[in-house]
Amino acid sequence: MLPASVTVDPAFVVGPVRRRTFGSFVEHLGRCVYSGIHDPEHPSADADGFRGDVIELTRELGVSTVRYPGGNFVSGYRWEDAIGPVEQRPSRLDLAWHSTEPNLVGVDEFMRWAAKAGVEPMMAVNLGTRGVAEALDLLEYCNVPGGTEWSDRRRANGAAEPYRVKMWCLGNEMDGPWQIGHKTAEEYGRLAAETARAMRMIDPNLELVVCGSSSSAMPTFGDWERVVLAETYEHVDHISAHAYYWEQDGDLASFLASAVDMDHFIESVAATADAVRAAGKHDKRIHISFDEWNVWYQQRAESKPPSGDDWPVAPVLLEDRYDVADAVVVGNLLISLLRHTDRVHAASLAQLVNVIAPIMTEPGGRIWKQTIFHPFALTSKHAQGEVLRLAVDSPLVDTVRFGAVPALDAVATHDAETGDVVILATNRSVTDDVALDVDLRGFPGLQLVEALTLSNPDLRWSATADDDSSVAPRANTTAKVADDRAHAELPPVSWSILRLGRA
Ligand code: AHR
């Protein structure tokens, strides 16, 4: 048993819990759209062909924003293909995923889906094969009330009211050599600045996200942010960050410590943005939109797009089956995002359905929750109010990739209105329980409302359509609160939530 202590104090406020931290992502990739959110043959489908059961689980997951339509897909996308009468829409080659895009779902359908799912749409424009003009056309189509070519086309297509999309991504992963229309930081920075400047001429209140790095391992990481922000600083609000983690070569200890990399990523980008701020004598601060993050086993066969003459519609792609260890890592990555709520103002779990996703569907059939669904849904539901920085004293565990890291990683939230305190904690030890001791003297009189832990002796357990509940988090019966101290035993490789409140 590893003893770890934590002090929670109402004065240690990092910033508000931002709903946009709990965003997700729908890309035209594999079965995310077709037979994911959209499946007209499904018994629960509505008049638009959207699966009601997917909408229900999206709501249960507690998703706030949804980024659309990509991803790598957006860098070759012609959004105008997918408006107007469906039977007149062309099919196109999607070069990013070597698939055929039938354009049955486009911007109007997505906006209707977003309204039904109760999520805020976050759009991306194509800065790979296209540029300023096409971004302006799409913005006009979405946000201008009427009286112009594109806004009247939207009205004619059934949307009398503008969609008023607030958040816009200026391209996707333009630092990646795999990106269609990949650019150097200088080339991209100029294009992004000019696109942003022109978009703001239509609506100065947009929130614009410029592309940061596709991972902290990119050779250009750091310098990319510096150059791109030097070009765009006054024109944008956020810089993106993308990160995917997976267990490499059976190195479970390093995998469990993935949040160490996310912490480093966020802190490095914030420092770089602040350096550009100082050098450019700017007043405002740039925030981070961590708009792709998850566990993704990129080396597995199912992550390989089709090839040759095979250009299928909605192939099975990137359908990772998540296990218990993956869910613990996802819970820990959310802890990292919350801990940095002063700089991370939005985030998107990539993706929502079927493609590296918390929700899985059978075409026309059943739906189920992957293991990673649970920490996301519980955190989104219960993390309310303000994020508190904790004083944590934890034994260390050794990892190959990150050296010695604390076994316990935790964050807390405090809702000043209800008085509720929530502690989110991960035990990253592969072998030992953590005996957690929490000093709550800053919150006298709190009682335990609920303690749940996600763990399983079989770390490889993953959900199926037949059983998606065997590793749903269970009551942690070791959790107790007395005399302004909380105690709980956290099993190895586990994620827990402790909810405390007044009787
Ligand atoms: O989410 C899957 C892919 O990962 C996205 O299309 C791309 O942006 C990233 O490389």
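The turns below ask how some descriptions of this predicted model are justified.

Me: What kind of model is this, and how are residues numbered?
Reply: The model is predicted, so local features need pLDDT of at least 70 and side-chain atom pairs count only at pLDDT 80 or more, whereas totals for chains, interfaces and linings use all residues. Residues are numbered from 1 along each chain as its sequence is written, and side-chain values use heavy atoms, with hydrogens and water left out.

Me: What makes a residue count as surrounding the ligand?
Reply: A residue is near a molecule if one of its heavy atoms lies within 4 Å of it, and the residues around the ligand are F25, E27, G71, N72, W97, N172, E173, Y244, E292, W296, Q351 and I356. By class, this shell holds five nonpolar, four polar and three charged residues, where Ala, Val, Leu, Ile, Met, Phe, Trp, Tyr, Cys and Pro count as nonpolar, Asp, Glu, Lys and Arg as charged, and the others, Gly among them, as polar.

Me: Why is the pair between E27 and the ligand called a polar contact?
Reply: A polar contact is a pair of N or O atoms within 3.5 Å; within protein, one must be able to donate a hydrogen and the other to accept it, and residues adjacent in sequence count only if both atoms are side-chain atoms. An N or O atom in the side chain of E27 is 2.6 Å from an oxygen atom of the ligand, so the pair meets the distance limit. For E173 the corresponding distance is 2.7 Å, and a polar side-chain atom of N172 lies 3.0 Å from a ligand oxygen. The protein buries 96% of the 290 Å² that the ligand exposes when taken alone, with areas from the Shrake-Rupley method and a 1.4 Å probe.

Me: How do you know that β17 and β18 pair?
Reply: Two strands pair if DSSP finds at least two bridges between them, and strands themselves are DSSP runs (E, at least two residues), numbered from the N terminus. Four bridges join β17 (residues 396-399) to β18 (residues 403-406), so the two antiparallel strands pass that test. One bridge partner in β18 is A404, which faces D398, and a hairpin of three residues joins β17 to β18.

Me: Which strands are the edges of the open seven-stranded sheet?
Reply: The sheet has the order β2-β15-β19-β20-β26-β22-β23, with antiparallel pairing. Its edge strands are β2 (13-16) and β23 (474-475), each of which pairs on one side only. Within the sheet, three bridges join β15 (residues 386-388) to β19 (residues 408-414), and E386 stands opposite H414.

Me: What makes the backbone at G71, Q351 and R164 worth pointing out?
Reply: Most residues other than glycine have a negative phi, and most peptide bonds are trans. The bond from G70 to G71 is cis, with omega near 15 degrees, and a cis bond also joins A350 and Q351, with omega about -5 degrees. R164 has a positive phi, near 50 degrees.
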